[in-house]
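Student: I would like to learn how statements about a structure are justified. Could we go through one together, setting each value against its definition?

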Amino acid sequence: MTSLNDRGDVAVLGAGVAGLTAAAALAARHYQVTVYDQGEQAGRAGCSWWAGGMLAPYCEAVTAEREVLQQGRLAADWWSAHGADVWRAGTLVLAQARDRTELDDFARRSEGCQWLDAEALAAMEPDLAGRATRGLWYPDEAHVDPRQCLPALAARLEAGGVRFAFGQAVQAEDLEPRQLVDCRGLAARSVLPGLRGVRGEMLLIRSHDVRLHRPIRLLHPRMPLYLIPRRDGLIMLGATTVESDHAGPVTLRSAMELLGLAMTLHPALGEAEIVELGAGVRPAFSDHLPKLIRRGRTTFFNGLYRHGYLLSPWYAERLADQMEGTEGLVA
Ligand SMILES: Cc1cc2nc3c(=O)[nH]c(=O)nc-3n(C[C@H](O)[C@H](O)[C@H](O)COP(=O)(O)OP(=O)(O)OC[C@H]3O[C@@H](n4cnc5c(N)ncnc54)[C@H](O)[C@@H]3O)c2cc1C
């Protein structure tokens with residue numbers, strides 16, 4: 001076994017989900033890790049703060065590459081093992097009566113699901129009783145709250161000896177460790193050809209009438225919607241997918257579309273309070289798969305697109321494999 005001194009020190013740039021999972025995987029293999037972020041708190045300054053936190057490999061694989069299913073399956077266990085409060089209640093996929101072909105099509109293109117009738121749906125989500133006659137349940141899917149799991153992971157890492165430096169933008173050339181892991185998300189665009197931004201808008205609402213127990217995906221031909229319950233009684237509504245790297249406030253159109261669709265799921269959501277609106281910009285390559293790219297002493301871990309929480313555990317472990325020299329590069 002290599003000793004701690006042989007492994008040496010690693011600087012991780014960025015404390016979003018990529019940077020923190022990378023730090024966790026490297027610290028577990030006895031590297032001395034320092035994480036730098038320009039924000040004031042882990043996960044807070046980038047795209048990761050706005051995410052839904054769904055660990056939904058089966059649903060995502062309907063529109064993504066096959067790798068997403070294979071690599072995403074380990075995410076829930078990885079997050080549990082790293083101190084996250086993981087909800088393991090699966091995902092429900094519903095559609096309005098006029099969009100039932102969408103639901104049939106979704107079922108055909110996915111695996112890992114069961115059909116539920118109205119009675120079974122009502123037993124699972126009592127506040128949605130009578131709102132749908134059938135739906136799909138993906139029992140092996142899970143979710144985390146990004147605003148819980150990232151600070152929790154950072155605190156755990158810090159307690160284990162990982163150092164954090166917040167509050168300043170850092171350039172790779174300012175740092176002197178043996179190895180560098182660049183997890184700056186979209187900020188690395190100028191040095192990573194092909195990396196682009198895909199804007200995602202979301203809302204947090206509080207409903208006193210509708211309580212959910214698992215993420216609900218409402219299929220729709222133009223704009224699918226999901227609603228994700230959090231422990232604090234909030235529901236996250238998301239998300240738009242806009243080809244833009246603009247991280248500014250949510251537009252009126254997007255807010256109206258997301259809220260309008262939510263009310264088709266249950267009219268009582270019209271009485272919910274809007275607690276927060278926000279947008280993040282997902283870093284994406286053209287194939288929508290993450291990449292580990294090695295250049296000299298720097299490895300870039302980027303392009304997590306819609307799957308930061310789902311795929312970063314798998315890629316972080318592969319990154320640590322590479323740095324130990326046990327595996328080739330993932331191009
Ligand atoms: C609305 C929405 C919903 C989503 N839902 C899900 C979901 O349900 N499940 C899922 O798996 N994924 C989801 N995602 C995707 C996920 O959020 C992203 O894939 C992920 O956040 C990308 O993480 P990252 O660490 O690469 O980037 P970021 O989170 O942007 O982190 C980059 C960090 O680098 C820091 N940084 C940048 N430049 C510097 C510098 N020079 N010096 C120091 N620090 C620097 C930034 O401050 C930032 O903290 C969603 C995204 C959005 C927008």
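Student: What makes the pair formed by an oxygen atom of the ligand and a polar backbone atom of Leu310 a polar contact?

Tutor: This is a predicted model, so we speak of computed values. The oxygen atom of the ligand is 3.0 Å from a polar backbone atom of Leu310, and because a polar contact is a pair of N or O atoms within 3.5 Å, the pair qualifies.

Student: Which other backbone atoms are listed with such distances to the ligand?

Tutor: A polar backbone atom of Gly308 lies 3.2 Å from an oxygen atom of the ligand, while a nitrogen atom of the ligand is 3.1 Å from a backbone N or O atom of Gln38. Both distances fall within the 3.5 Å limit, so these pairs are polar contacts as well.

Student: How much of the ligand does the protein bury?

Tutor: Taken alone, the ligand exposes 1000 Å², and the protein buries 97% of that.

Student: Which residues come nearest to the ligand, and what puts a residue in the group around it?

Tutor: A residue counts if one of its heavy atoms lies within 4 Å of the ligand. There are 36 residues around the ligand, of which Asp37, Ser48, Met54, Tyr305 and Tyr309 come nearest. By kind, the shell divides into 19 nonpolar, 13 polar and four charged residues, and α2 (17–28), β2 (32–37), β14 (273–284) and α10 (308–324) each supply at least two of its residues.

Student: How do you know where the second largest pocket lies with respect to the two domains?

Tutor: Domain 1 (4–53 + 145–192 + 286–324) and domain 2 (91–139 + 196–283) both give residues to the lining of this pocket, so the pocket lies between them. About 640 Å³ of space lies in the second largest pocket, and of the 29 residues that line it, Thr63, Phe106, Arg217, Pro224 and Arg306 are the closest to its centre. The largest share of the lining, four residues, comes from α6, and the lining divides into 12 nonpolar, seven polar and 10 charged residues.

Student: What is noted about the backbone at His30, and where is this residue found?

Tutor: His30 has a positive phi of about 70° although it is not a glycine, and His30 is found in the loop between α2 and β2.

Student: Is the peptide bond from Gly238 to Ala239 cis or trans?

Tutor: That bond is cis, with omega near -20°, and Ala239 is found in the loop between β13 (234–238) and α9.

How values were computed:
Residues are numbered from 1 along each chain as its sequence is written. This is a predicted model: local features need pLDDT of at least 70, side-chain atom pairs count only at pLDDT 80 or more; totals for chains, interfaces and linings use all residues. Side-chain values use heavy atoms; hydrogens and water are left out. A polar contact is a pair of N or O atoms within 3.5 Å; within protein, one must be able to donate a hydrogen and the other to accept it, and residues adjacent in sequence count only if both atoms are side-chain atoms. Accessible areas come from the Shrake-Rupley method with a 1.4 Å probe; for residues, only the protein chains shown count as cover. Ala, Val, Leu, Ile, Met, Phe, Trp, Tyr, Cys and Pro count as nonpolar, Asp, Glu, Lys and Arg as charged, and the others, Gly among them, as polar. On a 1 Å grid over the protein atoms alone, a cavity is a set of points where a 1.4 Å probe fits but cannot get out, and a pocket is an open set with protein on both sides within 12 Å along at least five of seven lines; lining residues have an atom within 4 Å of a point. Grid points are joined across faces, edges and corners, and a volume is the space filled by probe spheres set on the points. Domain bounds come from an automatic or database domain assignment.
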